[in-house]
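Me: I've got a structure here and I'd like to talk through some of its side-chain pairings and helix packing. Can you take my questions one at a time?

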Amino acid sequence: MKEKVLYIYLVIMILAGCTYAPLPKQNGNAGTEKNLTNERIHDSVKTFLLIGVDSRGEKKSRSDAIMLARYFPEQGKLKLASIMRDSYVKIPGDHPRYNKINAAYYYGGKELLKKTIHENFGVQVDHVAVIDFRGFVKMVDLLAPEGVVVDVDQKIIDDMSIQASIGKNVLHGEEILKYVRFRHDDESDFGRVDRQQEILLQLKNGFINQISSFEGVVALPSMIEQGLSYLDTDIGLKTILEMGPKAVFHAPDTVETMRIPVEGSFKDEEYPEIGAVLEMDDTKNKRALQEFFSN
């Protein structure tokens, strides 16, 4: 069974305020100030591609989980969009033009996945972070050392061999990985996406609580450095250390989520050599994602 992994980079970096940019102070020149403010807001809004891979160290693997995140600092709002891994899309390049979107990472890594998202959905990615299942386990325990509260049923316990009882449990890294991997129920991968977003938001709260004290702020640089060792990302440690402490004062107040494909915009299909896919209404999903990320 493929490993389902989570985009914890979002928690330790984006939710640590690395996209926050303060607005310029007001002065007498209202027209000029308004233009400067608009430019600053535009510059501060970034889109992050967060990729979970099912690799155990192999050089090539498929992206088993794909999320786009955009933070609007002037509104304190974070938006998360999960793209189902079986979404049937056009992949740029010499390999088969149409395939599941998770094949893009296998063929050309994060750069090809970025291009695929841009070509199919019109969303430009500014930064990328990749994490595998081993990194996920370590990151969960780093951000939530006291564990994460989840509600499990007997089916998840039996299928994933989770050491828990029916109902609410406090689970840690290895068990949380099993929790987000589970898909053998009526919701299949759709349920996994919901659990992925659920855990991500809980980890966000746990991380913010950890650094909301003087001791936490002091410990933040070492936490970020340790977290970076679990990731493959294009944002450097210096930038993150400069921006990270702002999480204490500028953590997002609102988190909105969505899933691609949207309800009523796809059908199940099967193609030779590709298998089962979600064949989407391209126009409807492109419009839905762009409207979701608009402000």
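Me: Which residue forms a salt bridge with Arg 97?
Reply: Keep in mind that this is a predicted model. A salt bridge here needs a side-chain nitrogen of Lys or Arg within 4 Å of a carboxyl oxygen of Asp or Glu. For Arg 97, the closest N and O atoms of the pair are 3.9 Å apart, and the partner is Glu 119.

Me: How many residues apart are Arg 97 and Glu 119, and where do they sit?
Reply: Arg 97 is in the loop between strand 4 (87–90) and strand 5 (98–100), while Glu 119 belongs to helix 3 (residues 102–121). So the pair links distant parts of the chain, and the separation is 22 residues.

Me: Is Glu 119 buried, exposed or partly exposed?
Reply: Buried means under 20% relative accessible area and exposed means over 50%. Glu 119 comes out at 37%, and because that falls in between, the label is partly exposed.

Me: Which residues are joined into one network with Lys 267?
Reply: Start with Glu 269, whose side chain meets that of Lys 267 in a salt bridge at 3.6 Å, N to O. Lys 267 also forms a salt bridge with Glu 279, with the closest N and O atoms 3.9 Å apart. Salt bridges that share partners put Lys 267 in one network with Glu 269 and Glu 279.

Me: Which strands hold Glu 279 and Lys 267?
Reply: The two residues are 12 residues apart in sequence, so their salt bridge ties together separate parts. Glu 279 lies in strand 12 (residues 275–280), and Lys 267 lies in strand 11 (residues 266–271).

Me: Is helix 4 parallel, perpendicular or oblique to helix 7?
Reply: Helix 4 (residues 133–143) packs on helix 7 (residues 188–210) with the axes 9 Å apart and an angle of about 45°. Under 35 degrees would count as roughly parallel, and 65 to 115 as roughly perpendicular. The angle fits neither class, so helix 4 is oblique to helix 7.

Me: How many nonpolar, polar and charged residues are in the contact of helix 4 with helix 7?
Reply: Helix 4 brings Val 140, Leu 142 and Leu 143. Across from them, helix 7 offers Leu 203, Gly 206, Phe 207 and Gln 210. By class, that contact has 5 nonpolar, 2 polar and no charged residues.

Methods. Residues are numbered from 1 along each chain as its sequence is written. This is a predicted model: local features need pLDDT of at least 70, side-chain atom pairs count only at pLDDT 80 or more; totals for chains, interfaces and linings use all residues. Side-chain values use heavy atoms; hydrogens and water are left out. Helices (H or I, at least four residues) and strands (E, at least two) are DSSP runs, numbered from the N terminus. Buried means under 20% relative accessible area, exposed over 50%, partly exposed in between (1.4 Å probe, protein chains only). Axes are lines fitted to C-alpha atoms, for helices over the stretch in contact, and angles run from 0 to 180 degrees between N-to-C directions. Angles under 35 degrees count as roughly parallel, over 145 as roughly antiparallel, 65 to 115 as roughly perpendicular and the rest as oblique. Contact means heavy atoms within 4.5 Å. Ala, Val, Leu, Ile, Met, Phe, Trp, Tyr, Cys and Pro count as nonpolar, Asp, Glu, Lys and Arg as charged, and the others, Gly among them, as polar.
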